[in-house]
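Here are my notes on the model, point by point. Please read them with the structure open.

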Amino acid sequence: MNVIYNSDQYSVVEFGADADQDALRFGGYEIMDKPSKREVFIAGALAESFRREVKDLIASEPSVEEIDDFLGNYDSFMSQAVVFH
């Protein structure tokens, strides 16, 4: 697992592909909206699509605001509350 993005608004953790676990066959990503304390874990085809979109976004050398705007597209998926132990 690797933190691939961290701003005041969002954090993204990448989980490597694991052929032995169906949910991680293509790897996965945890996207956390820090101010709202919500997160989503995406895997499978959605993770594969996310990876492609991030690669295209990074190629354009985006600002932090542009990356945060892109990650904001996933806010509607964020239903899991973040709980700190």
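How many residues lie between β3 and β4 in their hairpin, and which residue in the turn has a positive phi? Four residues lie between them, and K37 is the residue with a positive phi, about 55°.

1. Basis. This is a predicted model, with residues numbered from 1 along each chain as its sequence is written. Local features need pLDDT of at least 70, side-chain atom pairs count only at pLDDT 80 or more, totals for chains, interfaces and linings use all residues, and side-chain values use heavy atoms, with hydrogens and water left out.

2. Sheet order. Five strands make an open sheet, ordered β1-β2-β3-β4-β5, with antiparallel pairing. β1 and β5 (80-81) are the edge strands; each has a single partner strand, so one side of each has no neighbour in the sheet. Helices (H or I, at least four residues) and strands (E, at least two) are DSSP runs, numbered from the N terminus. Two strands pair if DSSP finds at least two bridges between them.

3. First hairpin. β1 (residues 2-6) and β2 (residues 10-15) run antiparallel and are joined by four bridges. Three residues make the hairpin connection from β1 to β2. Opposite V3 stands V13 in β2.

4. Middle of the sheet. Six bridges pair β2 with β3 (residues 28-33), antiparallel. Y10 has D33 in β3 as its bridge partner, and V13 has E30. β3 in turn pairs with β4 over six bridges, again antiparallel. There E30 is matched with F41 in β4. Follow V3 to V13, V13 to E30, then E30 to F41, and you have a path across the strands. On faces, one general point: side chains in a regular strand alternate between the two faces of the sheet.

5. The S7 loop. S7 sits in the loop between β1 and β2. Is S7 buried or exposed? S7 counts as buried because its relative accessibility is 9%; the cut-offs are under 20% for buried, over 50% for exposed and partly exposed in between, with a 1.4 Å probe and protein chains only. Its side chain reaches the backbone nitrogen of Q9 at 3.2 Å. A polar contact of 3.0 Å also joins the side chains of S7 and D68. Such a contact is a pair of N or O atoms within 3.5 Å; within protein, one must be able to donate a hydrogen and the other to accept it, and residues adjacent in sequence count only if both atoms are side-chain atoms. Leaving out residues up to four places away in sequence, S7 touches K34, V64 and D68. Contact here means heavy atoms within 4.5 Å.

6. Core. The largest nonpolar core holds 15 residues. V12, I31, I42, F50, L71 and Y74 have the most contacts inside it. β2, β3, β4 (38-43), α1 (44-59) and α2 (64-72) each supply at least two of its residues. By definition, such a core is a set of buried Ala, Val, Leu, Ile, Met, Phe, Trp, Tyr and Cys residues joined through side-chain atoms within 4.5 Å. Y74 touches I31, I42, L46, F50 and E53, not counting residues up to four places away in sequence.

7. Aromatic cluster. Rings of Phe, Tyr and Trp (its six-membered ring) pair if their centres lie within 6.5 Å; planes under 30 degrees apart are stacked, over 60 edge-to-face, the rest tilted. The count comes to six aromatic pairs. Y29 and F50 form a tilted one, 4.8 Å centre to centre with 55° between the planes. Y29 lies in β3 and F50 in α1, so this pair ties together parts 21 residues apart in sequence. Y29 is buried at 3% relative accessibility, and F50 is buried at 1%. The rings of Y74 and F77 are also tilted, because their centres are 5.9 Å apart and their planes are at 40°. Y74 is buried at 5%, whereas F77 is partly exposed at 43%. Ring pairs link Y29, F50, F70, Y74 and F77 into a cluster.
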